[in-house]
Amino acid sequence: MAVRSLSFLSKMTIFGFLLSTLPVIFIGAFSYMTSSNEIQKNVNAGKMQLIMQIKSNVEQKLMTVNHTLNQVINSTVLKKAMNQPLTANDFVMYDDLRSEIRHMQSFDTKLEDVLLINDRHNWMIKNSGLYAFGQYAYYEQLSGLLQVPEGTSWMLNPSSWFYSEESAESAACSYSISLVKKLPTNGLEKYGLALANIPACSLQELLESDDEQLSSIMILDEHYRILFHHDQTLIGKPVTESGLQSGLLDDGPSGQFKETINHKDYSVAYYRSELNGWIYLSTASIASMTKESTKIGTYTLYVCLLMLTLSMLLAWLGSRRMYSPIQLLLNQIGARLTDIQQRKTNEFQVIGERVAHLFESKTELEKEVRQHMHQVRTFFFMKAFQGQIKPGDISGKLEQFGYGKQLAEWKTMAAVTLQIDFLENSRYAKSDLELLLFAVHNMIEELVPYEQRLAPVIMDQTIVMIVGSTEHDIKAFHTSNYALTEHLQQEIASCLNIQVSIGISLPLSNFSALAIAYREGLEALKHRIKLGEGIIIPYENVNAGKHYLNLNYPVHIENELLDAIKLADKERSKELLRSFFQAVFAVEMSPQEYQIPLARLLNQLLIVMQESGVNLNQLHPMKSSLLEELLKLHTAAEIDDWFWTMVAYPMVRIFKDRQEAQYHNISEKIIDLVQHQYDTDLTLEECASRLHYNANYLSSVFRKETGYSFSEYLSTYRFKMAKKWLADSETPIKDIAAKLRYNNSQNFIRSFRKLEGMTPGQYRDKRREAER
């Protein structure tokens with residue numbers, strides 16, 4: 001009975017929560033049943049990750065040593081020293097070589113000693129001083145290193161070979177890891193050596209890991225000798241001394257296998273380095289891993305039971321909490337749970353029915369929208385009558401406001417302006433003007449059919465309305481307009497007991513002349529001074545049938561022209577200047593009246609010049625007045641040419657020179673950033689931040705100045721540096737790729753082959769052959 005009383009939402013919520021716990025239960029059961037082999041795989045994966053981390057740390061230090069040793073052997077002082085004997089009298093040369101060696105030794109690399117050997121001229125330099133190589137105690141052993149294969153780099157050697165009186169650590173550590181370089185690097189005959197020695201005991205400090213992890217780690221060289229072990233007595237001995245069989249490591253570059261060490265089973269993971277052939281191993285006890293799997297299964301079971309209990313509790317609490325807003329909504333719409341259950345439906349269906357009922361009130365919503373649309377339409381007409389709307393935009397706006405039929409059918413139209421005349425014996429006061437205008441406005445909307453007019457608006461105590469007709473006959477249109485205005489005048493006088501005067505503009509054939517028609521209506525109403533109140537005045541009676549003098553200055557064209565000049569857009573500026581004069585000369589005026597818009601344009605251009613800091617002498621070096629020169633011109637072609645050659649185009653050149661100087665300066669700064677920081681993760685956004693410009697703006701400026709995008713230029717410069725390093729240094733290709741911010745060396749090789757037609761290695765060999 002309790003279950004039946006639950007709501008539909010509550011039942012679905014509880015059911016959903018219970019379903020959500022099933023995956024948890026299955027996961028828990030699967031985890032509990034996981035075998036020790038699976039746990040072993042997971043542990044081995046962790047060990048492999050540790051191996052890779054340690055490998056990365058060690059190889060980073062080795063590459064640093066390699067890089068610094070390359071700098072030493074390629075230095076001018078060493079190349080010079082290799083071609084001559086050294087004695088105690090060559091103090092300057094010896095001091096320079098010692099300085100090169102000291103620069104290599106740092107705390108980070110643990111580099112202990114650096115030896116420079118010249119077998120041909122019988123000298124050897126290391127930390128403790130200058131020696132005659134032939135008399136050195138380990139002459140035969142060190143000279144034997146000249147016979148090692150060319151590709152050999154890192155070797156494990158007894159520390160006694162390089163014992164230095166300056167350090168006791170070398171003597172304490174039996175073996176050293178030596179980086180061996182034959183000298184000279186570019187000669188065919190190798191008669192010298194450069195050795196950088198790292199005590200094998202110091203590897204532990206390079207690994208940057210805790211003691212517990214290091215206890216399971218070993219590092220072997222390519223001959224399976226131990227380079228690192230937590231038991232330092234095993235360093236330099238074969239791996240078999242630690243209990244492992246070296247033959248198990250020959251299966252591939254990496255892998256896993258089981259091995260018995262000291263009568264215990266271990267899982268061994270290893271990885272062979274591509275850099276120097278060293279093998280990194282990690283061991284883990286299988287017994288400890290199996291023990292951990294049992295613990296994991298037990299913990300998982302407890303967690304699953306806890307989550308199941310919490311899920312059921314949350315399902316009950318969640319259903320109550322989630323249902324409360326639904327219950328509140330049902331109460332607000334007047335629905336009860338008992339009624340819903342009797343109808344054999346659910347809460348969502350009831351809410352859906354009520355929402356559908358709300359959508360049926362679409363008419364009311366549309367009415368609200370129309371009211372707002374009415375306000376927007378009124379604002380549009382006011383701006384159009386004031387000449388603030390571009391003529392080309394008027395038709396599109398009228399189409400949006402529902403006047404498509406008038407646009408298509410009207411052939412003739414006119415503006416009707418109406419003002420209230422206050423007489424001395426009127427029962428209304430001046431303070432009632434706004435209310436009277438509103439009343440007259442409503443009467444006009446009722447008395448004039450919608451098809452014959454546009455919406456009337458109230459502007460400056462004047463009601464303005466555009467009336468139109470489908471007939472071409474001007475006389476018939478005038479007669480109908482006069483009859484319409486007489487009817488309006490009579491109805492207003494009868495209903496409101498006030499007199500109104502009405503002005504009628506000349507007939508128009510285009511909606512773009514609304515501002516002219518409005519001015520003509522206002523101009524006609526001004527004649528009430530002579531004719532009295534309560535009259536109807538057609539504009540044709542006061543201006544001999546000619547349109548109102550169009551002094552509408554093309555402000556929008558002027559603004560676009562000024563912007564084009566500031567942007568140094570020559571073609572656009574010339575086009576807009578021509579459009580400006582077409583708009584001015586399209587209106588019939590006297591020669592004196594044309595001077596007004598021309599002088600205004602000249603004045604605006606001079607204001608822009610002054611605000612931009614341009615000297616008038618730059619624009620017009622002659623001492624005569626620009627205005628006087630303008631007034632001497634007589635034809636439209638002369639005026640157009642004068643404005644362009646004497647004012648507009650010189651300003652365009654000045655702004656163009658400023659723009660190019662700025663572009664060049666910006667491009668130079670970007671190029672400087674690239675050349676100094678090409679080996680960092682430099683981006684266009686970072687350049688924009690440093691130079692305080694927008695990134696898109698910098699991109700367009702840089703492409704315009706250089707013909708390259710930022711990324712293309714950066715790639716080209718990095719490619720140039722790569723070729724320089726390949727030709728002039730022994731830097732490994734992997735290091736070059738890393739310095740040029742490539743993710744891996746293969747990506748660098750592919751990019752190099754695509755641009756140069758050969759691999760980096762082939763390019764380096766080709767350059768060396770050309771130098772020979």
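Trainee: How are α27 and α30 oriented to each other: parallel, perpendicular or oblique?

Mentor: Good place to start, and keep in mind that this is a predicted model. To read a helix pair, look at the angle between the axes. Here the axes of helix α27 (residues 710-728) and helix α30 (residues 760-771) come within 8 Å and cross at roughly 55°. The two helices are therefore oblique to each other. Their crossing is right-handed.

Trainee: Which residues of α27 and α30 meet?

Mentor: From α27, the residues are Lys723, Trp725, Leu726 and Ala727. On the α30 side they meet Pro760, Tyr763, Arg764, Arg767 and Glu771. Sorted by class, this contact has 5 nonpolar and 4 charged residues, with no polar ones.

Trainee: Let me step back to the whole chain. How many helices and strands are there in the chain?

Mentor: The chain has 30 helices and 16 strands. It has 772 residues, of which 41% count as buried. Among contacts with a separation of 6 or more, 61% come from residues 24 or more positions apart.

Trainee: Now the sheets. How do strands of a sheet pair?

Mentor: They pair through backbone hydrogen bonds, in either a parallel or an antiparallel way. One open sheet here has 5 strands in the order β13-β14-β12-β15-β16, and its pairing is mixed. At its edges are β13 and β16 (536-538), each pairing on one side only. From one strand to the next, the twist averages 25°.

Trainee: In which sense do β12 and β14 pair?

Mentor: Strand β12 (residues 412-421) is antiparallel to β14, and the two share 7 bridges. To find the register, you can look at Thr412, which stands opposite Ser469 in β14.

Trainee: Which helices pack on the sheet?

Mentor: Helix α15 (residues 433-447) is one of them, touching β12, β13 and β14, with its direction at about 145° to that of β12. Helix α16 (residues 474-496) also packs on the sheet, touching β12, β14, β15 (499-504) and β16; its direction makes about 25° with that of β12.

Trainee: What about hairpins? How many residues lie between β9 and β10?

Mentor: For a hairpin, look at the two strands and then at the turn. Strand β9 (residues 254-261) runs antiparallel to strand β10 (residues 264-272), and 8 bridges join them. Ser254 stands opposite Tyr271 in β10. The hairpin has 2 residues between its strands, and Asn262 in the turn has a positive phi of about 55°.

Trainee: With which strand does β10 form a hairpin that has 6 residues between the strands?

Mentor: That partner is β11, and Gly277 in the turn has a positive phi of about 80°. β10 and strand β11 (residues 279-285) are antiparallel, with 7 bridges. Here Ser267 stands opposite Ala284 in β11.

Trainee: Backbone angles next. Where is Gln461 found, and is it buried or partly exposed?

Mentor: Gln461 sits in the loop between β13 (457-459) and β14 (462-469). Its phi is near 65°, a positive value in a residue other than glycine. Gln461 counts as partly exposed because its relative accessibility is 48%. His692 also has a phi near 65°, and its place is in the loop between α25 (684-691) and α26 (695-706). With 70% relative accessibility, His692 counts as exposed.

Trainee: Which residues does a cis peptide bond join?

Mentor: It joins Leu183 and Pro184, with omega about -10°. You can find Pro184 in the loop between β5 (175-183) and β6 (192-199).

Conventions: Residues numbered from 1 in each chain as written. Predicted model: local features only at pLDDT ≥ 70, side-chain atom pairs only at ≥ 80, totals over all residues. Heavy atoms only, no water. Axes fitted to C-alpha atoms, helices over the stretch in contact; angles between N-to-C directions. Helix = DSSP H or I, 4+ residues; strand = E, 2+ residues; numbered from the N terminus. Parallel < 35°, antiparallel > 145°, perpendicular 65-115°, else oblique. Left-handed = near helix turned anticlockwise from the far one by under 90°. Contact = heavy atoms within 4.5 Å. Nonpolar A, V, L, I, M, F, W, Y, C, P; charged D, E, K, R; others polar. Buried < 20%, exposed > 50% of the residue type's maximum accessible area, 1.4 Å probe, protein only. Pairing = 2+ DSSP bridges.
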